[in-house]
Amino acid sequence: MSLMNLTATGLGEKIKDKEISVQEAVQAALGAIEAKEAELNSFVTVDGDNALKRAEEVQELINGGKLKSPLAGVPVAIKDNICTKGLRTTCSSKILGSYIPGYTAEAVLNLEKAGAVVIGKTNMDEFAMGSTTETSYFGATKNPWDTNHVPGGSSGGSCAAVAAEECFYALGSDTGGSIRQPCSFCGVTGIKPTYGTVSRYGLIAYGSSLDQIGPVAKDVTDCAAILETISSYDNKDSTSIKRRDYNFTSALVDDVKGMKIGIPSDYFGAGLDSEVKEAVLNAAKVLEEKGAEIEEFNLSLVDYAIPAYYIIACAEASSNLARFDGVKYGYRTDSYNGLHNMYKKTRSEGFGAEVKRRIMLGSFVLSSGYYDAYYIKALKTKALIKQAFDKAFSKYDVILGPAAPSTAPELGQSLSDPLKMYLGDIYTISANLAGLPGITLPCGLSSRKLPIGLQLLGNCFEEKNIIRAAYAFEQTREYVHSPLA
């Protein structure tokens, strides 16, 4: 078995037992990246020299008994919208193409305190705007299961890197399903935590009321351990929440007896691929056979989630991206006539088409005369969606459904029809609007040998329920490696 076939916690155990050194683990990851990157384009920046130096430091700390985390010495890749001091952070955009932050995101600091070794920054949709990782200024990432297909997005680079075994785990960010949907397309596991659980300090904002950092890995055990490591209260983040319990690994129990699982009938109507439907419902049967109580119910308001989400997300994006104007940092146009012309030319040249589209939509819904008609109405809809979930979770421990309506589409299909791409987020965006935790894990392969993902949603601060249900399901199947792994 190749060293890269190991899970993150599996490698951490071998490093702890001195079977493998940290340097060997880093060299193996860098070797895998060198061998596969030409075909995949999962990374924007690879930091090999510094990773090897860091490996030596971490090995000394482990040898001295100062690092005992299950992730100590394990190489990690970081999505390129999460700041890393001294290491280029671009958001896969021309406008930040040479930006090097002066500080590190809190989530990454928490990993480094645990002994993680950052090996590079992963490709993504520009400013996390997209569902395919095709809007990146640095070119599209390919799906390791079939390089003619997209890996999903916007955390497509992180998910593809884990699926192709270029790294042992990665961090992504989830604004409307940007961890869960690409995990479904790439056959890996990822968690979007309850809003406020992981600090957003150092995460370059897209939709501030929606964004959350979360883990991407091969299995539920890894994801629980990573989430436990990166979660913390942070007074530098006004949306951070102080929780009593961060012990997510305690939920890794193969027991769902008595757990009540709701299946929204709204999620299984028109537009859902028949193979995806079959695989997800089969997963529900597996959990039922293990002792869970399964029941269908009407969630309602599903049809309103997409318009509400895109109005709110684009409104927040238009505000957040106003800071990229060529004055303080990032790209500035070469020739201009006056300050306003410099703003216009810098932003016109620095942003890609999808980012411009969302800035324009956001500016429109926030403009005088349309603010009440669109933005305020979207906020009211968001509140109603949260109420619908509150009602559901008064009866169910977990809500089960698909992560995406289909398997990964072919490259080029989504960019030609942006509205169709937006509709592909139908099963994931509600969790962000309501601040809920969600997990996606593999539940089968289509007839074309493309992964299908199962999504489990929990009530706020009830990550343990979704981890427990996901772990119990995972015990019934073997991890399937992608062709490029």
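**Figure 1. Lining of the largest cavity in the predicted model.** By class, 4 nonpolar, 8 polar and 2 charged residues line the largest cavity. The lining has 14 residues in total. Nearest the centre of this cavity lie Gly130, Ser131, Ser178, Tyr309 and Asp425. The volume is about 80 Å³. The model holds 3 cavities of 30 Å³ or more.

**Figure 2. The second largest cavity and strand β10.** This cavity has a volume of about 40 Å³. Its lining is made up of Trp145, Gly187, Pro442, Gly444, Leu445, Pro451, Arg477 and Val480. Strand β10 (residues 438-445) gives the largest share, 3 residues. The lining splits into 5 nonpolar, 2 polar and 1 charged residues.

**Figure 3. The largest pocket and the helices that line it.** The largest pocket has a volume of about 640 Å³. Its lining counts 37 residues, and Pro405, Ser406, Thr407, Lys420 and Gly424 are the closest to its centre. Three helices, α6 (180-186), α9 (302-320) and α13 (418-423), each contribute at least two lining residues. Which of them gives the most? Helix α13 does, with 3 residues. By class, the lining of this pocket comprises 15 nonpolar, 13 polar and 9 charged residues.

**Figure 4. Lining of the second largest pocket.** The second largest pocket encloses about 300 Å³ of space. It is lined by 15 residues. Tyr103, Leu203, Ile204, Ala205 and Arg323 lie nearest the centre of the pocket. Of the lining residues, 10 are nonpolar, 2 polar and 3 charged.

**Figure 5. Aromatic contacts: a pair and a cluster.** The model has 14 aromatic pairs. One of them joins Tyr309 and Tyr310, with ring centres 4.8 Å apart. The planes of these two rings meet at 85 degrees, so the pair is edge-to-face. An angle over 60 degrees is what that label requires. Are Tyr309 and Tyr310 buried or exposed? Both are buried. Tyr309 also appears in Figure 1, among the residues nearest the centre of the largest cavity. Elsewhere, Tyr99, Phe127, Phe324, Tyr329 and Phe351 form one aromatic cluster.

**Figure 6. Two lysines over tyrosine rings.** The charged end of Lys236 sits over the ring of Tyr201. Its distance from the ring centre is 4.9 Å. In the other contact, Lys242 lies over the face of Tyr233. Here too the ring centre is 4.9 Å away.

**Figure 7. Cysteines without a disulfide partner.** A disulfide is a covalent bond between the sulfur atoms of two cysteines. The model contains 0 disulfides. Why does Cys443 form no bond with Cys183? Cys183 holds the closest cysteine sulfur, but the two sulfurs are 13 Å apart, too far for a bond. The cut-off for a disulfide is 2.5 Å. Cys443 is buried, at a relative accessible area of 12%. Buried here means under 20%. For Cys460, the closest cysteine sulfur is in Cys223, 19 Å away. That distance is also too far for a bond.

Key
Residues numbered from 1 in each chain as written. Predicted model: local features only at pLDDT ≥ 70, side-chain atom pairs only at ≥ 80, totals over all residues. Heavy atoms only, no water. Buried < 20%, exposed > 50% of the residue type's maximum accessible area, 1.4 Å probe, protein only. 1 Å grid on protein atoms, 1.4 Å probe; cavity = no way out; pocket = protein on both sides within 12 Å on 5 of 7 lines; lining within 4 Å. Points joined across faces, edges and corners; volume = space filled by probe spheres on them. Helix = DSSP H or I, 4+ residues; strand = E, 2+ residues; numbered from the N terminus. Nonpolar A, V, L, I, M, F, W, Y, C, P; charged D, E, K, R; others polar. Phe/Tyr/Trp six-rings, centres within 6.5 Å; stacked < 30°, edge-to-face > 60°. Lys NZ or Arg CZ within 6 Å of the ring centre and 35° of its normal.
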